[in-house]
Amino acid sequence: MNNIDILELGQKLEIIHLKKSRDVKYLSYIKDMNTNLLLIDVPSLAGKNYVISANEIIKVIITTENAVYSFNTIVKKNQLSPIVGLWILEPKSIERVQRRKYLRIKVNIDLEMKMIDKDGDILHVSNTMSDISGGGISIYTNEDLKQYVNKGKFIVRFSLPEEEEEIVTEVDLVFAKDLQDNKNKQTTHYNYFFAFKFLDIDEKTIDRICKFCFQYQIELKRKGLI
Amino acid sequence: MDEKIKRLEALVDQNSGRKELHFLLAENYLKANLNEQAKRSFFNAIEIDPYYLKAYVRLGEMHILDDNLDKAELIFKEVIEKNLDLSEPLYMVAMTYKNNGFIEKALFYFKKLLQVDRAYFKAYMEIADIYFDQQQYDEATINYHKAINIDSKRITLYVKLAYAYYMDSDSKKALHILNEGLLIDGSHIEIHVLMAKIYSDLEMKKELDEKVEVIRQLAPHMADEFCQKLA
């Protein structure tokens, strides 16, 4: 499978300018598609545009609910109007980079997630964890949390089962899915699904979470539940 | 209505919280000359993210194109006031004015930007480009120099500065700057071509022949083109 079908209008992308810093990922999305070419938004970071000239090579990373994909391509030209963006060459195939870095398990853990705006006001609270891994958590809600992105920060607080020490960290929204159509809503009565990555969490805490995930998985297997 | 717009409208309906989709829909409305719908979609994007600079700038630009400068100015002031980091909004507003031919307004905002961030080399470069276009080569060279002082590795600046000196009939300084540029990128074809042009003007035949040979090695078609122009 060449995975090319994951490219669609509006698909969010992360862009790395290979000639420059390989550590910096700029955000973009697909604005148009035609034969062999994709128009993507001018890559930006924290609201600042990043100009990439024609003929330069970029790496494009696509994160979906289940996996991360990437491909290298070339910028064909910058377009200034009417739709601003970069035309890039559509790849012939897209590599599946990894299923995910950490083992993710579905688990029912009480948590408190708050969205705190720039004035310190709490805009949203939720408490339904769907799954957890060493990299982050995901939750179901009835409220569309995308409306809060850029308005402040999401803070999550929870304890792993049989542990007293709380884990409190800022998280970043990395994936959102609208479940309001019937197809997606079969498995839940919530309207939205959101995945967050941990932002300021130390290695020791990641190890604790990973250890818990593995033990939980082993326990489920032992009980014949998976 | 075209198919693309219909698809985007459906996508926006399904993802109403994604500001960039409202923005993309607005751009497509603009392309289809559906200006009122475009304005509404830019507004929708701003409603989702009141700091969404790109949407403000495009909305302001629409008012410029409608000859409604006062309204454009109000929108630009709003986005500048909202953003804590002023550099990017000021730069984008200045560029919007420049791209639409309002040079004095553009200069005003570029200069305002430099009051906020003296190290914003692109502002010096844009100011220099404006003075260059106005044939005010003294002002152009001053500002290119300022840009180079901030970002001394950017080869385009050396080419532009040298060209400004050349247009100001100071070929000696132009050659000096071009030689500095070659220390950064010895195979930069534009530099070699401009040097050849200057040698030709100065009737420095030996240097000209050597330079044409260099151009021939780097880009044979450009050497042929250059020789045809000389002939």
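The paragraphs below lead from the interface between the two chains to individual helices, loops and charged pairs within them.

This is a predicted model, in which local features need pLDDT of at least 70 and side-chain atom pairs count only at pLDDT 80 or more, while totals for chains, interfaces and linings use all residues. Residues are numbered from 1 along each chain as its sequence is written, chains are lettered from A and ligands numbered from 1 in the order in which they are written, and side-chain values use heavy atoms, with hydrogens and water left out.

The interface comes first. Taking contact to mean heavy atoms within 4.5 Å, chain B contributes 25 residues and chain A contributes 22 residues. The area buried between them (the accessible area, with a 1.4 Å probe, that two parts lose on being put together, summed over both) is about 2000 Å², and carbon and sulfur atoms give 51% of that area. On the side of chain B, the residues that lose the most area to chain A are Arg18(B), Leu24(B) and Lys54(B), which together account for 22% of what that side buries.

Charged and polar pairs also cross this interface. With a salt bridge defined as a side-chain nitrogen of Lys or Arg within 4 Å of a carboxyl oxygen of Asp or Glu, there are three salt bridges between chain B and chain A. One such pair joins the side chains of Glu27(B) and Lys31(A), at 2.6 Å from N to O. A network of salt bridges links Lys31(A), Asp41(A), Glu27(B), Lys54(B), Arg58(B) and Glu61(B). Polar contacts (pairs of N or O atoms within 3.5 Å, where within protein one must be able to donate a hydrogen and the other to accept it, and residues adjacent in sequence count only if both atoms are side-chain atoms) are found for eight residue pairs across the interface, both residues being at pLDDT 80 or more.

Helices here are DSSP runs of H or I with at least four residues, and strands are runs of E with at least two, numbered from the N terminus. The elements that give two or more residues to the side of chain B touching chain A are helix H1 (3-14), helix H2 (19-31), helix H4 (53-65) and helix H6 (87-99) of chain B. The largest share, eight residues, comes from H2(B). By residue class, that side of chain B divides into 10 nonpolar, three polar and 12 charged residues, where Ala, Val, Leu, Ile, Met, Phe, Trp, Tyr, Cys and Pro count as nonpolar, Asp, Glu, Lys and Arg as charged, and the others, Gly among them, as polar.

H2(B) also carries a pair within its own chain, since Lys19(B) forms a salt bridge with Asp49(B), the closest N and O atoms being 2.8 Å apart. Lys19(B) lies in helix H2 and Asp49(B) in the loop between helix H3 (35-48) and H4 of chain B, so this pair ties together parts that are 30 residues apart in sequence. Both Lys19(B) and Asp49(B) are buried, where buried means under 20% relative accessible area, exposed over 50%, and partly exposed in between (1.4 Å probe, protein chains only).

Further along chain B, helix H12 covers residues 189-201, and its 13 residues should span 18 Å at 1.5 Å a residue, which agrees with the 18 Å between its end C-alpha atoms; the expected span is 1.5 Å times one less than the number of residues. Buried residues of H12(B) include Ile191(B), Leu194(B), Met195(B) and Ile198(B). The buried residues of this helix pack against helix H10 (155-167), helix H11 (171-184), helix H13 (205-218) and helix H14 (220-230) of chain B. Just after H12(B), Glu203(B) takes a positive phi of about 55°.

In chain A, Ser133(A) lies in the loop between strand S13 (129-132) and strand S14 (136-141), and at 7% relative accessibility Ser133(A) counts as buried. Its side chain reaches the backbone nitrogen of Gly135(A) at 3.0 Å. Elsewhere in chain A, Glu163(A) and Arg208(A) form a salt bridge, with the closest N and O atoms 2.7 Å apart. The pair links distant parts of the chain, with Glu163(A) in the loop between strand S15 (152-158) and strand S16 (167-178) and Arg208(A) in helix H2 (residues 203-222) of chain A, 45 residues apart. Glu163(A) is partly exposed at a relative accessible area of 28%, whereas Arg208(A) is buried at 17%.
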